[in-house]
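Colleague: I'm new to this one, so could you show it to me and walk me through it?

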Amino acid sequence: MNDEIRRILKEHGRLSVDVQTLTDETDLYQAGMTSHASVNVMLALEGTFDVEFPDRMLKRGVFESIAAIRAAIQELTAKG
C-alpha cells in the first residue's frame, strides 16, 4: 500500500522533494503539497483503492503524512 501511496504522491502531490526521501511521518504540506494538490491526491487515492472519503475525513490531518493516508485507507477498506 505504501508504494501505491508514494506513487500517487509523486504523480499528484506536487512535492518540492523526492517522495522516496520522505518518512511515513513526514508532513506532506511542509514538503510542498498544497491544498489544491491534496484534492488531486485524494481523487487518485479514491480511484486506486476504490474508496470514497466521507466528509468527516476531508481535513488536512487525513492527508498530512503517508502514515495518516494509509490509516484512512485501511479504515475505509475495512468497512468494505
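Colleague: Thanks! How much of the chain do buried residues make up?

Modeller: Happy to help, and please keep in mind that this is a predicted model. A residue counts as buried under 20% relative accessible area. Of the 80 residues in the chain, the buried share is 42%.

Colleague: Which elements does the chain have, and in what order do they run?

Modeller: The secondary structure comes to 3 helices and 0 strands. Read from the N terminus on, the order of the elements is α-α-α.

Colleague: What radius of gyration does the chain have, and how does that fit a compact globule?

Modeller: Along the principal axes, the C-alpha atoms fill a box of roughly 35 × 20 × 20 Å. A compact globule with 80 residues would have a radius of gyration near 12 Å. The chain agrees with that, at 11 Å.

Colleague: Which helix supplies the largest share of the largest nonpolar core?

Modeller: In soluble globular proteins, nonpolar side chains tend to be buried together. Here the largest nonpolar core has 26 residues, and L9, M33, L45, F53 and F63 are those with the most contacts inside it. At least two residues of this core come from each of α1 (2–12), α2 (35–49) and α3 (66–79). The largest share, 6 residues, comes from α2.

Colleague: What does M33 touch, leaving out residues up to four places away in sequence?

Modeller: M33 is among the residues with the most contacts inside the largest nonpolar core. Leaving out those sequence neighbours, M33 touches L9, G13, R14, L15, L28, S38, V41 and F63.

Colleague: Is R14 buried or exposed?

Modeller: R14 sits in the loop between α1 and α2. Its phi is positive, near 50 degrees, in a residue other than glycine. The relative accessible area of R14 is 53%, and the cut-off for exposed is over 50%, so R14 is exposed.

Colleague: And D50, is that buried or exposed?

Modeller: D50 lies in the loop between α2 and α3. Although D50 is not a glycine, its phi is positive, at about 55 degrees. Because its relative accessibility is 72%, D50 counts as exposed.

Colleague: How far apart are the C-alpha atoms of Q30 and I8?

Modeller: Q30 is in the loop between α1 and α2, and at 70% relative accessibility Q30 counts as exposed. Along the chain, Q30 and I8 are 22 residues apart. In space, their C-alpha atoms are separated by 17 Å.

Colleague: Last one: how far apart are the mean positions of the positive and negative charges?

Modeller: The chain has 9 positive and 13 negative charges. The distance between their mean positions is 2 Å.

Note on methods:
Residues are numbered from 1 along each chain as its sequence is written. Side-chain values use heavy atoms; hydrogens and water are left out. A nonpolar core is a set of buried Ala, Val, Leu, Ile, Met, Phe, Trp, Tyr and Cys residues joined through side-chain atoms within 4.5 Å. Buried means under 20% relative accessible area, exposed over 50%, partly exposed in between (1.4 Å probe, protein chains only). Helices (H or I, at least four residues) and strands (E, at least two) are DSSP runs, numbered from the N terminus. Contact means heavy atoms within 4.5 Å. The radius of gyration is taken over C-alpha atoms; the globule rule is 2.2 Å times the number of residues to the power 0.38. Lys and Arg count as positive and Asp and Glu as negative; His and the chain ends are not counted. The place of a charge is taken as NZ of Lys, CZ of Arg, CG of Asp or CD of Glu.
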